[in-house]
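Student: I have a set of labels to check with you. For each one, I want to know what stands behind it.

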Amino acid sequence: MSIIFEKSITGRRGVTLPKNDVPVNAAIPEKYLRKSRLDLCELSELDVVRHFTGLSKKNYGVDTNFYPLGSCTMKYNPKICEKIAGMDGFASIHPVLAQLPGGHKYTQGALSVIHHLEELLCKITGMDAFTLQPLAGAHGEFTGLSLIAAHHRKNGSTGKTEVLIPDEAHGTNPSSAAAAGYEVRAVPTGPATGLLDIEAFKAAVSGNTAAVMMTNPNTLGLFNPHIKEIAQIAHAHGALMYYDGANLNAIMGKFRPGDGDFDVMHVNLHKTFATPHGGGGPGSGPVGVKAFLEPFLPTPRIIKTGPGGDNAGNVFALNSDYPGTIGKIAPFYGNFSVILKAYAYILMLGGRGLTAVSEQAVLNANYVMHSLKDHYYIPYLKTCMHECVLTAKRQGEYGVKALDIAKGLIDRGIHPPTVYFPLTVKEAMMVEPTETESREVLDAFAAAMVEIAGAAASAPESLHRAPVSSPVGRLNETKAARDMDVAFL
Amino acid sequence: MSPSDLKYSKTHEWVRVYGDTATVGITAHAQDTLGDITFVELPKVGIAIGQGGEAGVIESVKAASDLLSPVSGEVASVNNALLPAPETINSDPYGAGWLFTVKIADKAELDTLMDAAAYEKFLETEA
Amino acid sequence: MSYIPATPEQRRDMLRVCGMSSADELFADIPKTLIPPDNDFWLTEGVSEFEALAKCEKLSSLNNSRLISFLGGGFYDHYIPAAVDAIVSRSEFYTAYTPYQPELSQGTLQAIYEYQSQICRLTGMEVSNASLYDGGTAIFEACKMAMAATSRKKIVVDGGVNPVYLEMLRTHIANLGAETVVGGDDLIDDAAAAVVLQNPDYFGVIHDHSGIVDKCKKCGAAAIQSVNPIALALIKSPGEQGADIAVGEGQPLGIPLSFGGPYLGFIAVKKDMARRMPGRIVARTVDDSGRQGFVLSLQAREQHIRREKATSNICSNEALCALRAHVYLSLMGTEGLRETASLCRNKAVYLRESIKSIPGVKVTDDTVFNEFAIELPVNTDGVIKRMADLGFAAGIPINANRLLIAVTEKRTKAEMDDYAAALRGAVCQ
């Protein structure tokens with residue numbers, strides 16, 4: 001499909017703007033004027049609509065078919081949430097309105113949504129306070145580590161320079177720790193258990209440890225039952241426990257990170273709470289803390305006051321008077337429309353519904369694992385949580401790799417699982433079915449996987465050639481990186 | 001087979017010694033593991049590097065690897081011809097794909113490196 | 001409301017396939033002592049879609065969207081053509097993930113490539129990424145690139161930079177051993193990693209920063225210019241002024257205000273800085289039979305490969321917001337964007353002239369774009385409250401007696417005349 005700029009026809013217009021209704025034609029002085037050509041495309045509205053409709057047909061979303069991308073929680077995004085986010089009373093409100101003198105009066109609906117979602121997340125996770133400012137999961141990690149740094153600074157603990165992270169962790173954890181100014185120390189996973197090696201952990205933790213970052217269940221889909229013991233060891237060294245909420249979809253109503261002695265955590269609203277991934281964003285990464293870290297949370301915070309300024313009433317207001325705050329992580333209160341969608345989702349499900357979500361998500365993952373265990377090597381064949389890891393080890397004997405299996409799935413109309421992650425498992429394929437998929441869909445996926453396992457043995461070259469049914473075949477990534485054609489200029 | 005006139009590090013660099021100068025590259029095994037190399041960042045001429053110190057970066061499509069200097073010393077020259085054609089490292093790792101030269105500070109360090117036979121054995125244990 | 005399709009019979013069957021008889025067995029690894037008690041929350045029932053809608057409608061009505069807005073401060077109430085909403089509502093776009101499997105994601109990937117092209121054309125740069133969270137984090141990431149490139153830790157922030165962004169920058173660099181100094185170009189020296197400029201500045205004033213950029217080049221500091229993308233239809237682009245890194249907030253490009261987000265950070269550089277860029281970058285290439293296609297490229301910079309050595313921890317981009325900006329710019333085209341920018345400029349000048357004659361009010365004759373600051377003879381807070389009673393969100397207080405007033409192409413002459421009259425009343429009361 002041609003690039004939009006190639007479709008441009010000089011003189012064509014896509015919009016008609018209102019006429020200038022003021023008796024002013026204020027030229028900008030020559031020295032400030034743009035001299036270079038602007039050169040945007042010139043198209044009609046229909047040209048533009050057809051171009052993007054064409055592009056959308058070359059895309060695959062949750063609404064297209066099964067999207068078992070491990071660690072991404074590609075669940076169904078309820079349509080009602082989009083409708084709510086589009087309501088004029090939310091979509092058109094300028095964020096500064098709430099900060100004007102008396103402005104809280106004009107934004108009670110929006111402020112109450114933020115305050116209420118903070119309370120709900122506290123109940124779901126067992127933390128004491130939340131900020132919804134962080135704009136994505138990685139931004140939440142960065143925020144959480146900044147809070148930890150502020151805590152250590154206040155305590156005068158200057159030698160705390162390291163963050164310990166299990167080697168199976170998502171790459172975001174170490175890079176967020178580095179972005180927050182920390183050195184990273186990887187802790188190995190026990191090869192037999194798939195869980196953090198406690199002895200190695202004990203050897204690694206020291207007075208220099210500022211924090212331990214963990215995901216539980218971890219990226220292998222396994223729940224670590226020794227979590228309180230790990231937290232105890234960390235706390236004995238003055239280190240704080242950080243919980244990466246990437247896998248929260250596995251444990252709602254079953255385990256609260258706060259009860260597992262975690263001090264800080266983030267939640268991915270775009271995973272667990274069903275807000276759309278948008279082709280890569282926007283997300284939202286609220287951060288929850290235990291009470292002792294609350295003074296450091298970003299400002300402004302949303303408080304509940306009474307008409308007379310007391311804390312008892314039902315009037316919501318902004319407060320920036322927190323001397324210990326780390327400052328501002330976002331320009332305002334976070335990705336509000338994402339927050340709103342997550343709020344509506346939690347309202348619709350309630351506590352019972354969220355518990356049912358985790359039960360079904362975990363059942364679906366185990367069901368897929370059991371459906372495939374005779375055909376694929378499963379490095380940790382025990383009860384998994386919301387996702388399971390298979391590998392292409394058996395298919396490797398025929399020269400078929402995880403990538404070939406992934407591309408083979410594309411030809412069978414299904415989005416591949418996450419491949420080559422976690423990095424600690426060779427030829428890994430990580431499947432996260434989510435609770436919104438039916439048994440029929442899981443069976444169809446398993447059937448496709450079994451068929452591919454058969455093709456790997458009988459006709460491996462058919463998988464090397466895959467995909468043949470998609471708009472493009474395998475792309476030359478080497479050429480892409482060397483030529484660096486990243487803009488049509 | 002790894003050329004027998006070279007010395008090897010555990011991080012898969014090779015060294016060729018001429019008098020006081022060491023030429024450094026990455027091994028055939030290293031370039032094969034990385035895959036198609038798309039970018040190389042070389043050290044600045046004149047800077048001092050310690051043994052095992054970071055001397056640059058080699059990137060392929062899906063991986064990045066720090067380039068470590070197998071010996072300490074001052075960087076004497078770099079192979080600028082690789083910048084527009086990093087794929088040379090794939091096609092000729094022991095020849096035109098050389099990366100930089102170092103004025104050797106301590107010849108004793110060479111004894112800590114492996115010869116070709118030892119490196120081959122090392123590759124077997126790593127696999 | 002439930003979105004779980006499994007029936008009770010299916011659940012039993014599926015458990016049996018797993019060799020289990022109850023769902024509790026799935027969670028056997030979680031110690032009993034850690035299972036949350038049945039408290040008030042876990043026992044709550046959900047509500048129907050209709051009830052949730054009704055509740056949210058009520059909440060939405062508690063926000064006043066009828067005030068005529070003169071609020072700006074970097075975030076503006078521009079008109080969003082209906083086609084923008086129609087296109088981004090296609091679920092093939094919004095229910096997709098980051099395009100890791102290029103064969104299934106050519107729509108998202110080509111759209112991002114085209115978005116990158118739009119940003120490069122607007123800013124006069126060569127390489128844009130697939131977007132960042134917002135304009136503030138874009139400034140932070142640009143500063144981080146500059147610090148890595150120069151091995152320096154001092155960041156000079158021009159006095160015209162949005163104070164919200166200054167505060168965000170300070171929060172983000174707090175643990176990196178870096179410092180910010182705020183002021184003019186006399187602060188630029190050989191210790192500076194970067195100089196952050198804004199055009200038009202926070203007070204709406206248009207600048208030519210070429211002289212400051214020259215000074216940066218002499219000192220080896222990176223010149224970072226944060227720009228309003230709509231203003232770029234008229235004013236010198238960062239590329240024309242010689243900036244090393246162009247950044248900005250893309251909200252004006254078809255993204256609703258939505259009480260603070262999601263917005264869109266853009267960042268663009270010349271080719272030699274490409275490998276220091278944070279976030280995703282899409283490149284054009286060919287497939288195995290020579291057809292044009294698009295992929296995520298230069299991934300060796302990123303967190304999933306580089307871990308703690310990555311250029312940034314950012315994984316997500318704001319793809320859907322970037323899509324909005326791209327569709328908006330495609331609809332506007334060269335002439336549409338220029339007309340929009342001219343309308344903003346003319347209306348700002350008109351409103352400033354209308355206010356000038358109010359006794360005690362002082363305005364400047366600076367060259368402004370869509371926003372300007374005025375000085376009031378009375379306290380700003382009181383004026384804002386009185387104006388709100390009259391139906392106007394009057395502007396953003398800068399201090400006790402200065403007010404920042406913004407317009408867009410949506411503000412009519414009649415609204416501005418009413419505003420000026422109301423302000424006269426509010427000031428003279």
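Tutor: We take the labels in turn, starting from the chains and ending at single residues.

Student: Before that, what kind of model is this?

Tutor: This is a predicted model.

Student: What makes chain A as compact as a globular protein of its length?

Tutor: Set the value against the rule. The radius of gyration of chain A is 25 Å, and the globule rule gives 23 Å for 489 residues. The two are close, so chain A is as compact as a globular protein of that length. Its C-alpha atoms fill a box of roughly 80 × 65 × 45 Å along the principal axes. Chain A has 15 helices and 12 strands.

Student: How much of chain A counts as buried, and what is the cut-off?

Tutor: A buried residue has 20 or more other C-beta atoms within 10 Å of its own. In chain A, 59% of the 489 residues count as buried.

Student: And what are the figures for chain C?

Tutor: Of its 429 residues, 62% are buried. Its C-alpha trace spans about 80 × 55 × 45 Å along the principal axes. Chain C has 12 helices and 15 strands.

Student: How do you know which residues of chains A and C touch?

Tutor: Contact needs C-beta atoms within 7 Å. Between these chains, 170 residues of chain C and 166 residues of chain A take part. Helix α10 (residues 319-356) of chain C gives the most to the chain C side, with 21 residues. By class, that side has 84 nonpolar, 50 polar and 36 charged residues.

Student: What does the contact of chain C with chain B take from each chain?

Tutor: Five residues come from chain C and six residues from chain B. The chain C side has two nonpolar, one polar and two charged residues.

Student: What makes a set of residues a nonpolar core here?

Tutor: The members must be buried, of the nonpolar core types, and joined through C-beta atoms within 7 Å. The largest such core has 313 residues. Among the members that touch the most others are Y242(A), I339(A), V195(C) and I224(C). Helix α10 (residues 336-372) of chain A supplies the largest share, 23 residues. Another core, of 29 residues, lies apart and includes I49(B) and L99(B).

Student: Why is strand β3 (residues 154-158) of chain C called largely enclosed?

Tutor: Five of its five residues are buried, so the rest of the structure largely encloses β3(C). K154(C), V156(C) and D158(C) point one way, I155(C) and V157(C) the other. In a regular strand the side chains alternate between the two faces of the sheet.

Student: How do you know which strands pair with β3(C)?

Tutor: Pairing takes at least two bridges. β3(C) and strand β5 (residues 192-199) of chain C have four, in the parallel sense. β3(C) and β4(C) have five, also parallel. Both therefore meet the cut-off of two.

Student: Where does V195(C) fit in?

Tutor: V195(C) is the bridge partner of V156(C) in β5(C). Beyond its neighbours within four places in sequence, V195(C) contacts V156(C), D158(C) and I224(C), among others.

Student: Why is G183(C) called exposed?

Tutor: G183(C) has 11 C-beta neighbours inside 10 Å. The exposed class takes 12 or fewer, so G183(C) counts as exposed. G183(C) lies in strand β4 (residues 179-183) of chain C. There, G183(C) is the bridge partner of D158(C), a residue that is buried.

Technical notes
Residues are numbered from 1 along each chain as its sequence is written. Chains are lettered from A and ligands numbered from 1 in the order in which they are written. This is a predicted model: local features need pLDDT of at least 70, side-chain atom pairs count only at pLDDT 80 or more; totals for chains, interfaces and linings use all residues. Two residues are in contact if their C-beta atoms, placed from the backbone, lie within 7 Å. Ala, Val, Leu, Ile, Met, Phe, Trp, Tyr, Cys and Pro count as nonpolar, Asp, Glu, Lys and Arg as charged, and the others, Gly among them, as polar. The radius of gyration is taken over C-alpha atoms; the globule rule is 2.2 Å times the number of residues to the power 0.38.
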